[in-house]
Amino acid sequence: MTVNMTKGQAISLEKQGGGSLTSVRMGLGWQAAPRRGLFGSRTREIDLDASAVLFADKQPVDVVFFRHLVSDDGSVRHTGDNLVGGVGQGGDDEAILVDLARVPVHIDSIVFTVNSFTGQTFQEVQNAFCRLVDETNGQELARYTLDGGGAFTAQIMAKVHRSGSGWQMTALGNPANGRTFQELMPSIFPVL
């Protein structure tokens, strides 16, 4: 059963029958919004990029994105860059896999971001979402939908962080501006 999350909402990553999830996928999907023009509606390809920044005690220690597809320890893996979006028609256009059991103990948070590498704003994006899937059985656990557009080029989407002996996901949905994860760091630090 999927939880439709709202901004700021947190969910535990415990399995319904007990025990902790071991492997999750953070999927990202989007479509270009049609634009009215002199000769009717048209769409422009939009290159959104998903990234995962790994933190230890509020310090960035690694990042996974389209130019560094696997974390140094191998626990987080990006499935590859999608330059146009909408390919999955509701499915994941980009995904980041996290083997929670392999994440080193000193990593306490993983923050997921999405940014427009080409600098287009979210006013030109529609049907954008991030979702968390139990990778062991393909069951969608949580979905966070970006409502409306905005004059920003990025979002701090969600964070997965340690909570006691398990993990928790918090939907963030904080708008930001930046074409790369490096430019988003000042917007990420306040959510840690």
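Trainee: Which residues line the largest cavity?

Mentor: This is a predicted model, and in it the lining of the largest cavity is made up of Met 26, Gly 27, Leu 28, Ala 50, Ile 96, Phe 112, Thr 113, Val 114, Cys 130 and Met 157.

Trainee: Okay, and what volume does the largest cavity have?

Mentor: About 60 Å³.

Trainee: How many cavities of 30 Å³ or more does the count come to?

Mentor: The count is 1.

Trainee: Which strands each supply at least two residues of that lining?

Mentor: Strand 3, residues 23-32, and strand 10, residues 109-116, each do that.

Trainee: How do the lining residues divide into nonpolar, polar and charged?

Mentor: There are 8 nonpolar residues and 2 polar ones, with no charged residue in the lining.

Trainee: Let's go to the cores. How many residues has the largest nonpolar core?

Mentor: It has 38 residues, and Leu 13, Val 98, Ile 110 and Met 169 are the ones with the most contacts inside it. The elements giving two or more residues to this core are strand 3, strand 6, strand 9 (94-99), strand 10, strand 11 (125-134), strand 12 (139-145), strand 13 (154-163) and strand 14 (166-176).

Trainee: Which strand gives the largest share of this core?

Mentor: Strand 3, with 5 residues. You met strand 3 a moment ago as a supplier of the cavity lining.

Trainee: And what does the second, separate core include?

Mentor: That one has 14 residues, and Val 53, Val 63, Val 111 and Leu 184 are among them.

Trainee: Switching to rings. How many aromatic pairs does a search of the whole structure find?

Mentor: The search turns up 5 aromatic pairs. One of them joins Phe 55 and Phe 189 in an edge-to-face arrangement, with 6.1 Å centre to centre and 75° between the planes.

Trainee: Where do Phe 55 and Phe 189 lie?

Mentor: Phe 55 is in strand 6 (residues 48-56) and Phe 189 is in the segment after helix 1 (181-188), so their pair ties together parts that are 134 residues apart in sequence.

Trainee: Is Phe 55 buried or exposed?

Mentor: Phe 55 is buried, at a relative accessible area of 0%. Its partner Phe 189 is partly exposed, at 37%.

Trainee: Which residues form one aromatic cluster?

Mentor: Phe 65, Phe 66, Phe 117 and Phe 181 form one. Phe 117 also has Arg 179 lying over its face, at 5.1 Å from the ring centre.

Trainee: And which residue lies over the face of Phe 129?

Mentor: Arg 143 does, at 4.3 Å from the ring centre.

Trainee: What about the backbone, then? What is the phi of Asp 57?

Mentor: Asp 57 has a positive phi of about 50°, although it is not a glycine. Lys 58 isn't a glycine either, and its phi is positive as well, at about 65°.

Trainee: Where does Asp 57 lie?

Mentor: In the loop between strand 6 and strand 7, where strand 7 covers 59-64. Lys 58 is found in the loop between strand 6 and strand 7 too. As for accessibility, Asp 57 counts as exposed, at 63%.

Trainee: How many residues apart along the chain are Pro 190 and Lys 58?

Mentor: They are 132 residues apart along the chain, while their C-alpha atoms are separated by 9.7 Å. Pro 190 is found in the segment after helix 1, and Pro 190 counts as exposed at 66% relative accessibility. Remember that Phe 189 is in the segment after helix 1 as well.

Trainee: What separates the C-alpha atoms of Gly 74 and Pro 104?

Mentor: A distance of 9.8 Å, with their positions 30 residues apart along the chain. Gly 74 lies in the loop between strand 7 and strand 8 (76-78), and Gly 74 is partly exposed, with a relative accessible area of 23%.

Trainee: How far apart in space are Ser 12 and Val 160?

Mentor: C-alpha to C-alpha they are 9.6 Å apart, and in sequence they are 148 residues apart. Ser 12 sits in strand 2 (residues 10-12) and is partly exposed, at 43% relative accessible area.

Trainee: Last one: where is Gln 168 found?

Mentor: Gln 168 is found in strand 14. Gln 168 is partly exposed, with a relative accessible area of 23%. From Gln 168 to Ser 109 there are 9.5 Å in space, C-alpha to C-alpha, and the two are 59 residues apart in sequence.

Conventions
Residues are numbered from 1 along each chain as its sequence is written. This is a predicted model: local features need pLDDT of at least 70, side-chain atom pairs count only at pLDDT 80 or more; totals for chains, interfaces and linings use all residues. Side-chain values use heavy atoms; hydrogens and water are left out. Rings of Phe, Tyr and Trp (its six-membered ring) pair if their centres lie within 6.5 Å; planes under 30 degrees apart count as stacked, over 60 as edge-to-face and the rest as tilted. Helices (H or I, at least four residues) and strands (E, at least two) are DSSP runs, numbered from the N terminus. Buried means under 20% relative accessible area, exposed over 50%, partly exposed in between (1.4 Å probe, protein chains only). A charge sits over a ring if NZ of Lys or CZ of Arg is within 6 Å of the ring centre and within 35 degrees of the ring normal. On a 1 Å grid over the protein atoms alone, a cavity is a set of points where a 1.4 Å probe fits but cannot get out, and a pocket is an open set with protein on both sides within 12 Å along at least five of seven lines; lining residues have an atom within 4 Å of a point. Grid points are joined across faces, edges and corners, and a volume is the space filled by probe spheres set on the points. Ala, Val, Leu, Ile, Met, Phe, Trp, Tyr, Cys and Pro count as nonpolar, Asp, Glu, Lys and Arg as charged, and the others, Gly among them, as polar. A nonpolar core is a set of buried Ala, Val, Leu, Ile, Met, Phe, Trp, Tyr and Cys residues joined through side-chain atoms within 4.5 Å.
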